[in-house]
Amino acid sequence: MSARTVARFALLTALAMVLSWVEFLLPLPTAIPGVKLGLTNLVVLFALYRLGTRSAWCLSLLRVLLVSFTFGNAFSLWYSLAGAVLSLLVMVGLKKTGKFSVTGVSVAGAVSHNLGQILVAMAVLRSAAVAYYYPALLLSGTVAGICVGLAGAVLVRRIPL
Amino acid sequence: MKHRYDLLLILLLLAAAGVLFFLLRPGSAGQYVLVTADGTEVGRYPLDEDRTVTIGEEDYNVLEIRDGAAAVTEANCGDHTCVRTGKIRRSGETIICLPHHLVVKIIGGGGETADAVSGGIS
């Protein structure tokens, strides 16, 4: 691994952490847990398209661990891990089909992130009651995924790295 | 043209959200407030009697039933999402406190989902 690769990877990891922190500091004031913009996915999308699948996985998992250890707790680790893993699985799969642009991949990633978190919430609460929130999350996830995807497409195309 | 598939996906997801909204829509005014913690029933109160209950000790949520509606008015959880949810009164409507593993759900009344008929624990 060249020094350049290491530096590039460290830079993106730091950026992903900062974006997670920003979203942690400025939660959207809604009555539904899990509604968010998903800014961190900008970095994951960038890694997925520009550095490859393996880098995207490393980056995403490392980000989840670092963020949970620095300003999360034991529970937030599981929420965040389930969201990140399910969303990246879906994004990698969708990208491989070659039929979707960055925006489509981002939207699918956003709604599957929400789905992963709902599944963890169901396990934690031992109740399917949280499914009540999913329609709203599906809507907010789609909208957030479009926004992040459009911005991500520009970054993937323009950033020289 | 990749954007066609993107658009298709987005429309599909929005349609799915619409269908789910419809399926999970609240019914008419409910009769009981069912409180479960960690999947176990901890209380069941009629909606037509005003009362204030504190659920839990160290980790607490204050449940207030007034004028046929229930709300969590105070809690020491981190996010206060349960408090922000506000009042619920219709069958199927739910307040959730994730940090305290608490579910407050309205049951009884007409037009509820099968889930509410079975007592809300599923």
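The legends below walk through several close-ups of a predicted two-chain model.

Local features here need pLDDT of at least 70 and side-chain atom pairs count only at pLDDT 80 or more, while totals for chains, interfaces and linings use all residues. Residues are numbered from 1 along each chain as its sequence is written, and chains are lettered from A, ligands numbered from 1, in the order in which they are written.

**View 1. Chain B at a glance.** Chain B has three helices and seven strands, where helices (H or I, at least four residues) and strands (E, at least two) are DSSP runs numbered from the N terminus. Along the sequence the pattern reads α-β-β-β-β-β-α-β-β-α. Of the 122 residues in chain B, 36% are buried; a residue is called buried if 20 or more other C-beta atoms lie within 10 Å of its own, exposed if 12 or fewer, and partly exposed in between, with C-beta atoms placed from the backbone. Take the contacts in chain B with a separation of 6 or more, and 39% of them link residues 24 or more positions apart. Two residues are in contact if their C-beta atoms, placed from the backbone, lie within 7 Å.

**View 2. The four-stranded sheet of chain B.** This open sheet runs E2-E1-E7-E6 with antiparallel pairing, and two strands pair if DSSP finds at least two bridges between them. E2 (40–46) and E6 of chain B are the edge strands, each pairing on one side only. From one strand to the next, the twist averages 15 degrees; axes are lines fitted to C-alpha atoms (for helices, over the stretch in contact), and angles run from 0 to 180 degrees between N-to-C directions. Zoom in on E1(B), residues 32–37, and you find six bridges joining it to the antiparallel E7(B). Tyr32(B) sits opposite Ile107(B) of E7(B).

**View 3. The three-stranded sheet of chain B.** Here the order is E3-E4-E5, again an open sheet with antiparallel pairing. The edges are E3 (51–55) and E5 (69–75) of chain B, and each has a partner on one side only. On average, neighbouring strands are turned by 25 degrees against each other, direction ignored. Five bridges hold E3(B) to E4(B), residues 61–66, with Thr52(B) partnered by Glu64(B). E4(B) and E5(B) share six bridges, and Ile65(B) has Ala70(B) as its bridge partner. These two strands make a hairpin with two residues between them, and Asp67(B) in the turn has a positive phi of about 50 degrees.

**View 4. Val33(B) and the largest nonpolar core.** The largest nonpolar core has 68 residues, and Val43(A), Val33(B) and Val104(B) have the most contacts inside it. Such a core is a set of buried Ala, Val, Leu, Ile, Met, Phe, Trp, Tyr and Cys residues joined through C-beta atoms within 7 Å. Helix H5 of chain A (residues 102–125) supplies the largest share, 10 residues. Which residues does Val33(B) touch, leaving aside neighbours within four places in sequence? They are Tyr45(B), Leu47(B), Ile65(B), Ala70(B), Val104(B) and Ile106(B).

**View 5. Where chain B meets chain A.** The contact takes 29 residues from chain B and 25 from chain A. On the chain B side, the elements giving two or more residues are helix H1 (2–23), helix H2 (81–84), strand E6 (94–97) and strand E7 (102–107). H1(B) gives the most, with 12 residues. By type, that side divides into 14 nonpolar, nine polar and six charged residues; Ala, Val, Leu, Ile, Met, Phe, Trp, Tyr, Cys and Pro count as nonpolar, Asp, Glu, Lys and Arg as charged, and the others, Gly among them, as polar.

**View 6. Helices H1 and H6 of chain A.** The 23 residues of H1(A), residues 3–25, should span 33 Å at 1.5 Å a residue, and the end C-alpha atoms are indeed 33 Å apart. The expected span is 1.5 Å times one less than the number of residues in the helix. Leu12(A), Ala16(A), Leu19(A) and Ser20(A) are buried in H1(A), and the buried residues of this helix pack against H2 (40–50) and H3 (53–71) of chain A. For the 25 residues of H6(A), residues 134–158, the expected 36 Å agrees with the 35 Å between its end C-alpha atoms. Buried residues of H6(A) include Tyr134(A), Leu137(A), Gly145(A) and Gly152(A).

**View 7. Ser127(A) in its loop.** Ser127(A) lies between H5 and H6 of chain A, in the loop. Why does Ser127(A) count as buried? Because 25 other C-beta atoms lie within 10 Å of Ser127(A).
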